[in-house]
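Me: Please pick one part of this protein and look at it closely with me, going slowly and giving the cut-offs behind each term as you use it.

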Amino acid sequence: MRKVKVGLRPIVNNINLPTVMKTAVLPGDSIERLFIATQIGEIFYIGNGEVRTFLDIRPRILKLGISNGGYDERGLLGLAFHPSFYYNGLFYLHYSVAGTQGPGALPPSEGARPAQNALPEFFKPNPCEPSTLNLKWLNRETQYDHIDTVEEWVLQSGGQPQKRRTLLNLRRPFFNHNGVNSLNFSPETGRLVLTTGDGGSGYDPFNLSQNDMEIAGKIIEIDVDRNTFIENPPVVTRFNELPATIQETLTVIAKGVRNMPGISFQRFYNQFVKYVGNVGQDLVESIFSFVQYKPIPVTQLIQASLLKSQLDQEGFINLGWRGWEGAFPTSIIRDCSENPTLDEKTVAYYDEAVKTSSKRLQPLTSYFHQDPRPDKFGGTALTGVQAYMGNEIPDLMGSVLFTDIARDEGTLPGRGVLAYTRVRADGRQNDFSVIQTDYNFGSQSAYYVSLGSNANQNRLYLGVYGSMNVTDYNRGTIFEIVP
């Protein structure tokens, strides 16, 4: 892989934590604008060199960072513009709803680490204790963390954006793994693609991502052009709890998702390469690519479940979680305090790794949390995956870029990482290369929290934040990645 160096040109300073960056042309306008969504609920756009507010839904957003010391994975997580936005003004939001905070899905005694304030989000299975391996999410109507919603809004000509309808209300078991940049339109099908994380905690304690009935841990297409006006759709966790009219609008592209920073489509001739990333557990972060896939209508999944029959899932994408973390069976790393080089790695879900071994998609590339190679880095968490089709940075044309929130160096200030890979002609796994940047962040932390592009994928945007905590306000900068 070629060594590439890029510049970072600041566009916007002193904003809150950016979760989505993408462009659109406003109805009646002639210029493509960059839109920026922040985790706390603001959406800005850049017009005539100044930042303007498009929409502010902060009152609708759950209070963030209160119970987790400022770190949070809820909030405004998805923004997507309808392919005909210029004509119809329709756009879509995914966010965590104010006033829906619950107690969580596991009692604090279930494997929580005392060092983490006994929060059950940090559940870890014990391979020697079978009772920890196959937990059930019980009492879902009361034992949950929060509710996420997916809504359709409309920008009326000369007016303010208004909510038009609710597409889904999803009950989530834990505060984390809700996805980010979670709404994107497919240029192949014209449908809205929702990427949902596995619901959170650690190690997907209820194995939601592999269960065909669970909405968690999936990539889902929504046919938003079908009118399903239901005043208040029920709050659900499973597909079979949805009204039939909503079920009929949904197809599932993939399962086995842990947590995902969106989906990126890259056009080559008359077909699209799809890129998705899966945030890792303890070992590795992974980027996947695929061209052909066979989505399964939710109505078929429900029918197969009712009849207790096996659906033909040939061509259905399975990223392998929780049995697999990227290309590796999901492991528990146990510390050998006297000699860390001898840390024990135990396969947590051996049976599941065997069951899904031949059905899963192999990653395009992976990077490790610990990597001794001098030209690589130890990662923390994947935060963005974005195809690039521009020619201003020739060495990157046709590649896919990705960001990690911070190098795992155990020191401050934190520094994010930008890297790239590309699909090989023979379809085999590829290596990756770190992209050098020229910007001097000084003594400030610079966590790379999001990655975005314009509609033509010839301009790239990087969201950087000066803190890991959403309650440290106005610490964000948006950069354009330039030659």
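Reply: Two strands are said to pair if DSSP finds at least two bridges between them, and the elements themselves are DSSP runs numbered from the N terminus, helices being H or I runs of at least four residues and strands E runs of at least two. What follows describes a predicted model, in which local features need pLDDT of at least 70 and side-chain atom pairs count only at pLDDT 80 or more, while totals for chains, interfaces and linings use all residues. Residues are numbered from 1 along each chain as its sequence is written, and side-chain values use heavy atoms, with hydrogens and water left out.

The part to look at is an open sheet of five strands, whose order is β6-β7-β8-β9-β13 and whose pairing is mixed. At its edges are β6 (76-81) and β13 (235-236), each of which pairs on one side only. Strand β9, covering residues 161-172, runs parallel to β13 and is joined to it by two bridges; in one of the pairings between residues, asparagine 169 has valine 235 of β13 as its bridge partner.

From the sheet we can pass to the nonpolar core, meaning a set of buried Ala, Val, Leu, Ile, Met, Phe, Trp, Tyr and Cys residues joined through side-chain atoms within 4.5 Å, where buried means under 20% relative accessible area, exposed over 50% and partly exposed in between, with a 1.4 Å probe and protein chains only. The largest such core has 28 residues, and the members that touch the most others are Tyr92, Leu168, Leu192, Ile222, Phe239, Leu242 and Leu250. Three of the sheet strands, β7 (90-96), β8 (146-155) and β9, are among the elements that each supply at least two residues to this core, and the others are β10 (183-185), β11 (192-195), β12 (219-222), β14 (250-255) and the helix α3 (298-307). Apart from this core lies another, of 24 residues, which includes Ile43, Leu64, Phe81 and Val470. In soluble globular proteins, nonpolar side chains tend to be buried together.

Leucine 250 shows what such a position looks like in detail, if contact is taken as heavy atoms within 4.5 Å. Once residues up to four places away in sequence are set aside, leucine 250 touches Leu168, Ile220, Glu221, Ile222, Phe239, Leu242, Pro297 and Val298.

For comparison, we can look at three residues elsewhere in the chain. Phenylalanine 290 belongs to strand β17, residues 284-290, and it counts as buried because its relative accessibility is 5%. Beyond its neighbours within four places in sequence, phenylalanine 290 is in contact with Ile253, Phe272, Val273, Lys274, Val276, Ile317 and Leu361.

Threonine 330 sits in the loop between β21 (328-329) and β22 (331-334), and with a relative accessible area of 0% it is buried. Its C-alpha atom is separated by 5.7 Å from that of valine 347, although the two residues are 17 residues apart along the chain. Valine 347 is also one of the contacts of threonine 330 outside four places in sequence, along with Tyr203, Trp321, Arg322, Gly323, Trp324, Glu325, Thr346, Ala348 and Tyr349.

Asparagine 430 likewise lies in a loop, the one between β27 (417-421) and β28 (433-437), and its relative accessible area of 18% makes it buried. Without counting residues up to four places away in sequence, asparagine 430 touches Met1, Leu364, Thr365, Thr421, Arg422 and Arg424.
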